[in-house]
Amino acid sequence: MEKIRCGWCEKDDLYRKYHDEEWGRPVYDDQTIFEFLILESFQAGLSWYTILSKRETFKEAFDDFDYKKIARYTDQKVEELMQNSGIIRNRLKIVATITNAQKFQEIQKEFGNFSKYIWDFVGGKPIDNLPKALKEVPATTEISDALSKDLKKRGFKFMGSTVVYAHMQATGMVNDHIESCFTRL
């Protein structure tokens, strides 16, 4: 019997694998949370498929998403990244990644880890929206609005409410798998 999945992931094996193994699964590890923050920020204005297909190149270009290293990137490293055709070569997003790595560490110092900070916005556990169809899945919520506002206040860049909500979905802060999706069963 064929597995029923959320309709957005039927494009190809890359999408299906991401959907089946990662999307919507709770993530509490700071390193993985940071990876998704960066990938989602690069997605702003683009498709997630574009980012997902370049994920390994991003990982290599950005030192395995090591936020401590990224926070120390120099102008020379920015220029190097601007020459890397395997990533999205948007200077503003690259510079924002450096800023976001620095701000990420500031939040870690304040809260003990970034995971505690971000998960506090949903009370420490996933919000299960139980959508019956994709059209019921929002692009933003009051929580993503509040989290986006707080991240921006703390100096984060490219963290609008839509980007933040996509991050919340990716890291399982919200469960937006449709009701009939096999991952819900």
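**Exercise 1. State the accessible surface of the chain and describe its overall form.**

Solution. The accessible surface of the chain comes to about 9400 Å², and carbon and sulfur atoms account for 50% of this area. Accessible areas come from the Shrake-Rupley method with a 1.4 Å probe, and for residues only the protein chains shown count as cover. The model is predicted: local features need pLDDT of at least 70, side-chain atom pairs count only at pLDDT 80 or more, and totals for chains, interfaces and linings use all residues. Residues are numbered from 1 along each chain as its sequence is written, and side-chain values use heavy atoms, with hydrogens and water left out.

The next step concerns the secondary structure. The chain has 10 helices and 2 strands, where helices (H or I, at least four residues) and strands (E, at least two) are DSSP runs numbered from the N terminus. Read from the N terminus, the order of elements is α-α-α-α-α-α-α-α-β-α-α-β. The chain is as compact as a globular protein of 185 residues, because its radius of gyration is 16 Å, close to the 16 Å of the globule rule. This radius is taken over C-alpha atoms, and the rule is 2.2 Å times the number of residues to the power 0.38. Along the principal axes, the C-alpha trace spans about 50 × 35 × 25 Å.

Finally, the charges are considered. The chain carries 28 positive and 29 negative charges, whose mean positions are 3 Å apart. Lys and Arg count as positive and Asp and Glu as negative, while His and the chain ends are not counted; the place of a charge is NZ of Lys, CZ of Arg, CG of Asp or CD of Glu.

**Exercise 2. Determine which residues have the most contacts inside the largest nonpolar core.**

Solution. Of the 185 residues in the chain, 46% are buried; buried means under 20% relative accessible area, exposed over 50%, and partly exposed in between (1.4 Å probe, protein chains only). A nonpolar core is a set of buried Ala, Val, Leu, Ile, Met, Phe, Trp, Tyr and Cys residues joined through side-chain atoms within 4.5 Å. The largest such core holds 52 residues, and Phe58, Phe62, Phe114 and Leu151 have the most contacts inside it. Helix α2 gives the most to this core, with 7 residues. In soluble globular proteins, nonpolar side chains tend to be buried together.

Phe114 can then be examined by its contacts, where contact means heavy atoms within 4.5 Å. Beyond its neighbours within four places in sequence, Phe114 touches Asp30, Ile33, Leu37, Phe104, Ile107, Gln108, Leu151 and Phe156. For the chain, 68% of contacts between residues at least 6 apart in sequence join residues at least 24 apart.

**Exercise 3. Explain why helix α10 is described as largely enclosed, and identify what covers it.**

Solution. Helix α10 comprises residues 161-170, and 9 of its 10 residues are buried, so the helix is largely enclosed by the rest of the structure. Among these buried residues are Tyr165, His167 and Met168. Their cover includes α1 (13-21), α2, α8 (114-119), α9 (142-153) and β2 (174-175). Just after α10, Gly172 takes a positive phi of about 75°.

**Exercise 4. Decide whether Thr97 and Leu52 are buried or exposed, and list their contacts.**

Solution. Thr97 is found in helix α7 (residues 91-111). Its relative accessible area is 0%, so Thr97 is buried. Apart from neighbours within four places in sequence, Thr97 contacts Phe34, Ile38, Phe42, Phe62 and Ile70.

Leu52 belongs to helix α3. Leu52 is buried because its relative accessibility is 6%. With neighbours within four places in sequence left aside, Leu52 is in contact with Leu14, Tyr15 and Tyr18.

**Exercise 5. Locate Gly45, Arg72, Asp63 and Phe158 in their loops, and classify their exposure.**

Solution. Gly45 lies in the loop between α2 (30-43) and α3 (48-53). Gly45 is exposed, because its relative accessible area is 83%. Arg72 is placed in the loop between α5 and α6 (75-82), and it is exposed at 60%.

Asp63 lies in the loop between α4 (55-61) and α5 (67-70). Its phi is near 50°, a positive value in a residue other than glycine. At 27% relative accessibility, Asp63 is partly exposed. Phe158 lies in the loop between α9 and α10, with phi near 55°, a positive value in a non-glycine residue. Its relative accessible area is 33%, so Phe158 is partly exposed.
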